[in-house]
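Here is a quick tour of a strand neighbourhood and a few backbone oddities. Have the viewer open while you read.

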Amino acid sequence: MKKIQTQVLTIFMLLFLVFGAFVVFFSTRLMQEYANENQKEDLIQQSNLVLSNFNRVIEEKEDFQDLKEQALKVKEYTNQRITLIDLTGTVIYDSKIEDSSRLGDHSSREEIKAILEGESQGTAIRTSDSTKKTLYYVAQPIVDQSGKLVGVLRLAKPLAEMNQLNGQIIQSIATFSLLALVLTAGITFLVAKYIAKPIEEVMNVAKKLSNKEYHARFSGNGYGEVTKLGQTINELAESLEDQMREIAQNKERINELINHLVIGVMQLDDQGEIQIVNPAMCQIFGMESNELLGKSYVEATKSYGLSHIIEKAYRKKEIQNKEIYFYFPTERIVDANVVPIAGKIKGEMNLIVLLYDITEIRRLEKVRTDFVTNASHELRTPVTALKGFSETLLDGAMEDKGILKQFLEIMLEESTRLDLLVNDILELSKLEQKQVPINYKTVGVKDATLSVFKLVKQKAEQKNITMNLIEQDNVEIEADKDRLKQILANLIDNAITYTRSGGTVNVILKKTEEQATITISDNGMGIPEDELNRIFERFYRVDKGRSRNSGGTGLGLSIVKYLVENFNGTIAVNSKIGLGTTFTLTFPLRHF
Ligand code: ADP
């Protein structure tokens, strides 16, 4: 801030001192010369006066010696040294020296010589041999009536006296100069301040802008061009602020986008350190972002496959793509893409690593292929049986009425199973392709249960199984009535199927503020604990023989689970071998 002001002040002062010194030097010289001239003039005038006195004496007395007396008189009126010299150069009289006879021949003195040579005036500056002082001499001729030169009058004044006067002049000029210097310094200080202040303000604004303080503005208090410069800086600041806001918004948008991407994104710098990482990537690595940022990819990825393709991308500077298996923190299959991009510094290479979790896709693909395999396998059993029995009959067994009847009954049973199987497969695929329209209505679960009880009544009676509906609350849910009945029928039918004769099947209905609960429990054979989470899989049977004998397809619970989840419900199972099984369905209750 002070710098410009000091610089301006220093430059002004230096200029002033240089010019001032010139002015003082030359004016002193001029005034000195002028004063010297004046002194000389004065001395000449005095000598003229003395000379006129002498000339009068010469007119009256016509005697050069009388001049001495006259000189003694004149001495009273002037301070200057008066010397009278005759034509031989001999000093007749000297007002400062008593014994003039000891003064030598003066004819060779410059001023005297000039007069003797016919000049009207002679001057000289010289250190006097007699007085040892530097004097200024003025000589003039003394002439008689006829105009003939009779002697020389010389007046002398010590140069020191003249210089004393000059000294006074110099002193006055110095005092004046000093005053002028102080005044100029003051004015320059104020002017410098006036000039420097707005410039410094503009500089400060520019400095703040470079320090990313984009709100900084010039106040507008300046002059001429500086004000224009300030206004331009303000416009620049405004545009910078706008651009920075836009950049910040874009950055925020990109961050939001990256943070909400289901694909794992990470950026690596030239050294392989993680610069950017999104939540999806953190989830794949099973680490927090602060644990990952700044770390080397080798430490962070914990996957040889991924490290290998990253290293390959660095080496080959080419996009790399590979399906990679992760075993930690959970088993995952990811589609990894590693894309080289230019770094901040020229020549530097960064990498963008994109991991797309395809575990679910691969699982579904596997489910689908498994389904096809299982379905073919399941279908082959009744088809093989039908083919085998019909061939055996055709080979001659049909001649035996007893065998014919027995075989035909088996064939009917197998074709019924085939029918059931094909129906269940079609049902599942229709449901998955959303081909069956679902009509949502408020359905009373009690009525639906009772109508299912009617359907399975005969089967239950055959096994002497008691079915109870325990309605703790009046439960109504939002669902498709036929589909709800399908769910209940499957579960109640299973409960009857897998419960020994004389058993009990209970259906309990209750609700809370938020949800309705339907519990279907039996005291049947139960399901082994390690198989509980598999019973909802397609074609999964706990005991293959047992299920097939009971006419099961292994698809019932898959259909149930699919439907329950379609009504935003959940299904859970609890079972103990030999004690029984409980299926619990929960559905959200809608409040109108
Ligand atoms: P299935 O048509 O063979 O009954 P599900 O999908 O309905 O096929 O059932 C899958 C398997 O779960 C059955 O094979 C059976 O072993 C077992 N299971 C289902 N319900 C019960 C139950 N209430 N008690 C014991 N086991 C059951």
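Keep in mind that this is a predicted model. Let's start at a turn: strand 4 and strand 5 make a hairpin with five residues between them, and G147 in that turn has a positive phi of about 85°. The two strands, with strand 5 covering residues 149-158, run antiparallel and pair over nine bridges. If you want a register check, Y136 has K157 in strand 5 as its bridge partner.

Strand 4 also pairs with strand 3 (residues 122-127), again in the antiparallel sense, this time over six bridges. Here R126 is bridged to L135 in strand 4. The hairpin of strand 3 and strand 4 has six residues between the strands, and K132 takes a positive phi near 60° there.

How many of the ten residues of strand 4 (residues 134-143) are buried? Eight are, which leaves the strand mostly covered.

Now for two more positive phi values, both at residues other than glycine:

| Residue | Phi | Loop |
|---|---|---|
| K212 | about 70° | between helix 4 (159-210) and helix 5 (224-260) |
| K302 | about 55° | between helix 8 (297-301) and helix 9 (304-316) |

Is K212 buried or exposed? With a relative accessible area of 64%, K212 counts as exposed, because that label applies over 50%.

One last backbone feature to look up: F328 and P329 are joined by a cis peptide bond, with omega at about -5°. P329 sits in the loop between strand 8 (320-326) and strand 9 (332-342).

Conventions
Residues numbered from 1 in each chain as written. Predicted model: local features only at pLDDT ≥ 70, side-chain atom pairs only at ≥ 80, totals over all residues. Heavy atoms only, no water. Helix = DSSP H or I, 4+ residues; strand = E, 2+ residues; numbered from the N terminus. Buried < 20%, exposed > 50% of the residue type's maximum accessible area, 1.4 Å probe, protein only. Pairing = 2+ DSSP bridges.
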